Structures are given as structure tokens and as C-alpha cells.
Amino acid sequence: MIHYIENEFLKVGVKEYGCELTSILSKSTGYEYLWQGDESIWYGQSPILFPIVGRLIEDKYTLNGKEYTMPKHGFARKMDWTLIDNEGDSMSFILTETPDTLACYPYEFNLVVTYTLTENKLRVNHAVLNANEDKMYFSLGAHPGFNCNIGDSLIFDVDETLSTEKIDLVNSLRLPDTYPVLENSREIIITKDIFNEDALILHGIKSEYITLKHQDGKFNVRFNLGGAPYLGIWAKPGAPYVCIEPWFGVNDSFEKKNDFSEKDAINELDSNEIFTFSWEAEFSV
């Protein structure tokens, strides 16, 4: 089922399945900002990545001496969430543990995601509660895909010097090699080949915002990264969308860790603590 919020500028739809954005529509122009999905290219639109980001080595990890199996990007994106609030310009959904999640991730948790419209802006807040007596370890990321064309640009607010980590295309794991993306500059041009070696995985970013700028100057998206330590930028090569992905977490490398608590960029929460993360997008409606 799809639920909607709207104001005079935007109408936004979110599916219960995956708590996934399915539409960000300008009410004045009729322009759809969000990729509408195409199973022959990429079936997703804006998946929520929890409790891992990316892929584990052989899709497995060890926690307190026990081995578990976890699919790429975790399970939250392929579960039914529960709508707990819808007030016209804001709505919230919750996901909690189930017997199936406990079998692959032995933690009790509440994950609440709230979508809020303010004029021509959409804010998406994620709140993770550790409902266990002991520490909980997790990753969390966003993955919204926005309509765009080859030749459009992504522009940081300030000059950046950034390299991307390389990805093994067979295992979707990080390699020790990197290659430069920006050298004291701001603009990444979306070409048909830019994602031939998978996502750009960037960290050490100084900018608070990145702007998706269309060549015709219309329908731009100014995106607040929410302070995330990693940023993924991705699309299927040549496809008419781009995903802007703030991550509190990252794919495994080929270096196997002894315990999930040692995973690269892992987050930890004490009992009854809450972790929050928000991204915001402003649309030139």
C-alpha cells in the first residue's frame, strides 16, 4: 500500500513495503523527481539500508562467536513496515524485529522513519532504538534515486579533493585501490561510463550539500548529506537516474574481521539509546 503526504508544492508517496519513497511530484509543473523504477534496469527507487550497507564477505558475519547470514544492504528494504502516523505533511513508519530478522541479526530494535514536507523541501529522518540490554551494532544508509540525464552534474558546495574506493565487480567488496574523482573542484559530470565500475564511494567530504543540476537548468535537487561519513553515488551505466546515498556504514573489504563489532564504519548503541540521521532535499519546483 502507498501512503501520501502533500503541501502546496509537492506530493510524496511512500510504500509500506520497504518504507520506500515511490514518488516526489511537483504540483505546479507535474515533474516527477524520483526514479519510477524499471525491473529491466533497476527495480529500486529509494531503499533504506539497514542493518548493513553494501555487501558482507560471502554475505556472512560473526557476532560473539556465532556466524550469521545477511543479504546485501540488509533486510529493511524487503520487509513490510507499519504506518504509525500521517498528519497531512508528515508521516512515520516503524520496523521492529521479527523471528526472521532475529535469525540473521540477533537484536531487538525499533527503526522509525519520518517523511516531512516543508514548502519545497522533503526531510527524511531515521531513528534507531536499541531495545536490548547490551550494545547493538548496525549500519544505516539512504539510497534515493533521482531522475536525470547523461550530461547532468552533481555539484558540491565547496571545492573537494576526493578519491573513490574501487569495488570488486564479482563480490561487491571494496578493494585497496582508489582512483581520483575530484581535485580541488566541485563538479562531477554524469557520463554514460561513470558507473562502469560500480558506485563511487567517497568519504572525507567537506560539503554539507550536493546539488543535482540538470543541463536545462530546471528541476534541480539540492541535497543535504546529513553528516554521513560516506557518500555513495550510483546508477546502472547509462540509465536516466542517479542515486545520492549518504551512508553510516560501508561495504566489507576483503579483510575479514573477527567480529561484527569490528566491521568498517560500524555504529554502536548502548541499551535504550537512539541514533538519528536525516537527509533533506530541496526541489526547484
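Visitor: Which residues does Asp157 touch, not counting those up to four places away in sequence?
Guide: Leaving those sequence neighbours aside, Asp157 touches Arg186, Ser207, Tyr209 and Arg222. Keep in mind that what you see is a predicted model.

Visitor: What makes those four count as touching Asp157?
Guide: A contact here means heavy atoms within 4.5 Å, so Arg186, Ser207, Tyr209 and Arg222 each have a heavy atom within that distance of one in Asp157.

Visitor: Where is Asp157 found, and why is it called partly exposed?
Guide: Look for Asp157 in strand β14, residues 153-167. Its relative accessibility is 26%. Buried means under 20% and exposed means over 50%, so 26% falls in between and Asp157 counts as partly exposed.

Visitor: How far apart in space are Asp157 and Thr98?
Guide: They are 42 Å apart, C-alpha to C-alpha, with their positions 59 residues apart in sequence.

Visitor: Now for His143. Why is His143 called buried?
Guide: Its relative accessibility is 6%. The cut-off for buried is under 20%, so His143 qualifies. You'll find His143 in the loop between β12 (140-142) and β13 (145-147).

Visitor: Which residues does His143 touch, not counting those up to four places away in sequence?
Guide: With those neighbours set aside, the list is Trp42, Gln45, Ser46, Pro47, Leu49, His73, Trp234, Cys243 and Glu245. Take Leu49: along the chain, Leu49 and His143 are 94 residues apart, yet their C-alpha atoms are separated by 7.5 Å.

Visitor: What makes Phe254 partly exposed?
Guide: Phe254 has 43% relative accessibility. That value is not under 20% and not over 50%, so the label is partly exposed. Phe254 sits in the loop between β20 (241-248) and β21 (267-269). Among the residues Phe254 touches are Ile57, Asp168 and Leu175. The C-alpha atoms of Phe254 and Leu56 are 9.1 Å apart, although 198 residues separate the two along the chain.

Visitor: Let's talk about rings. How many aromatic pairs does the structure hold?
Guide: There are 25 aromatic pairs. One of them joins Tyr105 and Tyr107.

Visitor: Why is the pair of Tyr105 and Tyr107 called edge-to-face?
Guide: First, the ring centres are 4.9 Å apart, and a pair needs centres within 6.5 Å. Next, the planes make an angle of 65°. Over 60 degrees counts as edge-to-face, so that is the name for Tyr105 and Tyr107.

Visitor: How do you know that Tyr105 and Tyr107 are buried?
Guide: Tyr105 has a relative accessible area of 0%, and Tyr107 has 7%. Buried means under 20%, so both values pass.

Visitor: What makes Phe248 and Phe275 an edge-to-face pair?
Guide: Try the steps again: their centres lie 5.2 Å apart, with 80° between the planes. The limits are within 6.5 Å for a pair and over 60 degrees for edge-to-face, so Phe248 and Phe275 meet both. This pair links distant parts of the chain, with Phe248 in strand β20 and Phe275 in strand β22 (residues 274-283), 27 residues apart. Phe248 and Phe275 are both buried.

Visitor: Which residues form the aromatic cluster?
Guide: The cluster consists of Phe50, Phe75, Tyr105, Tyr107, Phe109, Phe138, Phe248, Phe275 and Phe277.

Visitor: What is the peptide bond from Phe50 to Pro51 like, cis or trans?
Guide: That bond is cis, with omega near 0°. Pro51 is in the loop between β4 (48-49) and β5 (60-63).

Visitor: Where does Glu58 lie, and why is it called exposed?
Guide: Glu58 lies in that β4 to β5 loop too. Its relative accessible area is 66%, and exposed means over 50%, so Glu58 earns the label. Its phi is near 55°, a positive value in a residue other than glycine.

Visitor: Last one, about the whole protein. How do you know that its radius of gyration agrees with a compact globule?
Guide: For 285 residues, a compact globule would have a radius near 19 Å; the protein has 18 Å, so the two agree. Buried residues make up 52% of the 285, and the fold contains 1 helix and 22 strands.

Technical notes:
Residues numbered from 1 in each chain as written. Predicted model: local features only at pLDDT ≥ 70, side-chain atom pairs only at ≥ 80, totals over all residues. Heavy atoms only, no water. Helix = DSSP H or I, 4+ residues; strand = E, 2+ residues; numbered from the N terminus. Rg over C-alpha atoms; globule rule 2.2 N^0.38 Å. Buried < 20%, exposed > 50% of the residue type's maximum accessible area, 1.4 Å probe, protein only. Phe/Tyr/Trp six-rings, centres within 6.5 Å; stacked < 30°, edge-to-face > 60°.
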